[in-house]
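Dear colleague,

I am handing over the structure below, which you have not seen before, and I would be glad if you kept it open while reading the notes that follow it.

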Protein chains: 2
Amino acid sequence: MNFNFFFPTRLISGEGCLAANADLLALGRHAMIVTGRSSAKRSGVLDDLLPLLEARGIAYTVFDQITENPPILTCHAGGRLAHEAGADFVIGIGGGSPLDAAKAVAAFAANPDLAPEEIFDAAKRTVPSLPIIAIPTTAGTGSEANPYSILTLPDGLRKKTFTAPESWPKYSFLDPRYTATLPVSSTVSCALDAFAHALESYLSPKSTVVSEQMALFAASRIWPILAERPVEYTPLMREELLYAATAAGIAISITGTGFPHPLGYSLTLLDGIPHGRACAVFDGDYIAYNTRTERGAARLADFAASAGADLDTLIRTLPELSEVDLRFTEEEITERVELIIQAKNYTNSPYVLNRDEIYAIYRAHFAK
Amino acid sequence: MNFNFFFPTRLISGEGCLAANADLLALGRHAMIVTGRSSAKRSGVLDDLLPLLEARGIAYTVFDQITENPPILTCHAGGRLAHEAGADFVIGIGGGSPLDAAKAVAAFAANPDLAPEEIFDAAKRTVPSLPIIAIPTTAGTGSEANPYSILTLPDGLRKKTFTAPESWPKYSFLDPRYTATLPVSSTVSCALDAFAHALESYLSPKSTVVSEQMALFAASRIWPILAERPVEYTPLMREELLYAATAAGIAISITGTGFPHPLGYSLTLLDGIPHGRACAVFDGDYIAYNTRTERGAARLADFAASAGADLDTLIRTLPELSEVDLRFTEEEITERVELIIQAKNYTNSPYVLNRDEIYAIYRAHFAK
């Protein structure tokens, strides 16, 4: 067993938690608000947030240019804008993309002379990032509960993880109401992402007491909702999904993710498949391969019991829920596999895939 | 559900974790080591710690005067000594008493003009406490994972909780080897304390996602060991008890404790019953009363399932494991009940005891 634990983010939860704890917003005098084109408005966060900032005399600049799989170049532009505006803290609002982007913007804002890809070089980031507040509007990535910022490189073909000690949000506000307007399809995709986090974290060789308990909690709340395939989500479901996704975020903050994540990246970057669905395609393979190991089999039995499902059901249903139906030529398969073959996540699982097995998995799913 | 969470302590676990992370010891230039008369030596912590400090040029003063139910006057003396020695951080080593005392010493050291009972007045503590490192040598109180310091007032008849934002240890080193020399009787008493924390936290109206998961984990590890009543403890049992006690410490850092704790205080202060055993006397009552409420009954079913026991077994066995066999006159009962009747913990449970019920519980256990 391992009980290492470090979690510097303060989580504040519940309906109305932003207004009820608004004095925490005074992290500085000028907030750089990092968000997507519409979700911050649609979710109602901006309507709640801006009057709270104004009432406290806190200036703000809204940067709403963040797209899915946030490009490092957009974050760089946002960071320079924050610097020019004199922002001294960052508020990220949205799904995983704006929250991940907020962490990069906070670093670029503090280091305005940094070239985009220099963000990955700790020696070049001479000034600590601006402090960050996270307000999730989806229940999926867990970015509100970890220091990871997954950025798309300028070639548009690769993702790379940025993290810094200050990338942990100082505060994360978890209000399930802000996820209420998320469409069903996106809700499913996000829930699949969170479920993949819980699954991959629970089997990781780096798992700890806390990561394991958080992963099992997440599984127990997400799977019954996914399995029901609701046509609309009740407030209770929204709450359970949000808190489960945050719990899974804590879990991966400790362990990192396993191989469904890199296997899915090429589908997201080349084929536009949403991240959670792209991971879910490979969750069945992850379970099937890992049952071949002693640790994997034992862990999967616990995990499935917490989820309230048997392993065969999970193996069959997860790719089905992904609703990904792609067919590739051998050349296209090679292009996709070679894009993700260098990832480090393969070793973060009891069963370590080799190159041939990665090809076999891709062919089994996608061969024409 | 509630997912508020704040846990600023960094936990570092495993055999040899102190030496492996010794650079973290350089929190300052002069450590005030706060411990009991013998446990820091017997456990092996001092043998490990002092060379690590010396190798880093860190001076230290050892204050080994902490006794059970640490008197505020002893902590006050320790704080003044730390101030005079020029200590700039505190290392607490031992069971709950030295760790709780370390938090008070850290506050008095930073505020050397404070009178003993002024420690409870935040307005009088004008300087933040010195930073604290905790090294537990028992698996029980969870003091390494919370900011509480339970002090005995100068009258020797009352306990009062001191806490400050800096009372969270900055680092807690969890090495199960340091609990290996703890005698069986003390090990049981400490495990009963940790089990009471898990039980009382899980039912608390203030429970959260994290406190609940930590409480269930603690129950799942502690009960099988308590129920086995081992005549000696294996390293694996020591590890499970230590991590479970820390998990239960996280749980009560969020919820606080319920009524077995105050009910037990008078037995500890007036009759010398170790704290964990004193709580266990009343755990059966706690379970029996709380099954009368809907929340209590539902929670207790989950809790018992995690512990792997049925409720009747818990109700019967916990007081039995306490091995407390006291008989009091009605006058002695009155003395004890009146001592603890003002505690706040009574409301922190689905079933709230009234005065008559507290008397009835005391009479049922102790009437001559």
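Let me begin with the sheet: in this predicted model, an open sheet of 12 strands with mixed pairing runs in the order β3(A)-β2(A)-β4(A)-β5(A)-β8(A)-β1(A)-β1(B)-β8(B)-β5(B)-β4(B)-β2(B)-β3(B). Its edge strands are β3 (59–66) of chain A and β3 (59–66) of chain B, each of which pairs on one side only. On average, and with direction ignored, neighbouring strands of this sheet are turned by 20° against each other.

At the chain A edge, β3(A) runs parallel to strand β2 (residues 30–36) of chain A, and 6 bridges join the two. Within β3(A), the residue that stands opposite A:Ile33 is A:Val62.

Where the sheet passes from one chain to the other, β1(A) pairs with strand β1 (residues 5–13) of chain B in the antiparallel sense, over 3 bridges. Here A:Phe7 has B:Phe7, in β1(B), as its bridge partner.

The contact between the chains involves 22 residues of chain A and 22 residues of chain B. On the side of chain A that touches chain B, β1 (5–13), α7 (209–228) and α8 (235–255) of chain A each supply at least two residues, and β1(A) gives the most, with 8 residues. Sorted by class, that side of chain A has 14 nonpolar, 6 polar and 2 charged residues.

Turning to the division within a chain, chain A consists of domain 1 (10–178) and domain 2 (183–366), and the C-alpha centres of these two domains of chain A lie 26 Å apart. Between them, 19 residues of domain 1 of chain A are in contact with 24 residues of domain 2 of chain A. The side of domain 1 of chain A that touches domain 2 of chain A is made up of 7 nonpolar, 10 polar and 2 charged residues.

Finally, a pair of helices in chain B: the axes of helix α7 (residues 209–228) and helix α11 (residues 294–307) of chain B come within 7 Å and cross at roughly 45°, and α7(B) is therefore oblique to α11(B). The crossing in which α7(B) passes α11(B) is right-handed. From α7(B), the residues B:Leu216, B:Ala219, B:Ser220 and B:Trp223 meet B:Phe303, B:Ser306 and B:Ala307 of α11(B). By class, this contact of α7(B) with α11(B) has 5 nonpolar and 2 polar residues, and no charged residues.

With kind regards

Methods: Residues are numbered from 1 along each chain as its sequence is written. Chains are lettered from A and ligands numbered from 1 in the order in which they are written. This is a predicted model: local features need pLDDT of at least 70, side-chain atom pairs count only at pLDDT 80 or more; totals for chains, interfaces and linings use all residues. Two residues are in contact if their C-beta atoms, placed from the backbone, lie within 7 Å. Helices (H or I, at least four residues) and strands (E, at least two) are DSSP runs, numbered from the N terminus. Ala, Val, Leu, Ile, Met, Phe, Trp, Tyr, Cys and Pro count as nonpolar, Asp, Glu, Lys and Arg as charged, and the others, Gly among them, as polar. Two strands pair if DSSP finds at least two bridges between them. Domain bounds come from an automatic or database domain assignment. Axes are lines fitted to C-alpha atoms, for helices over the stretch in contact, and angles run from 0 to 180 degrees between N-to-C directions. Angles under 35 degrees count as roughly parallel, over 145 as roughly antiparallel, 65 to 115 as roughly perpendicular and the rest as oblique. A crossing is left-handed if the near helix is turned anticlockwise from the far one by less than a right angle, and right-handed if clockwise.
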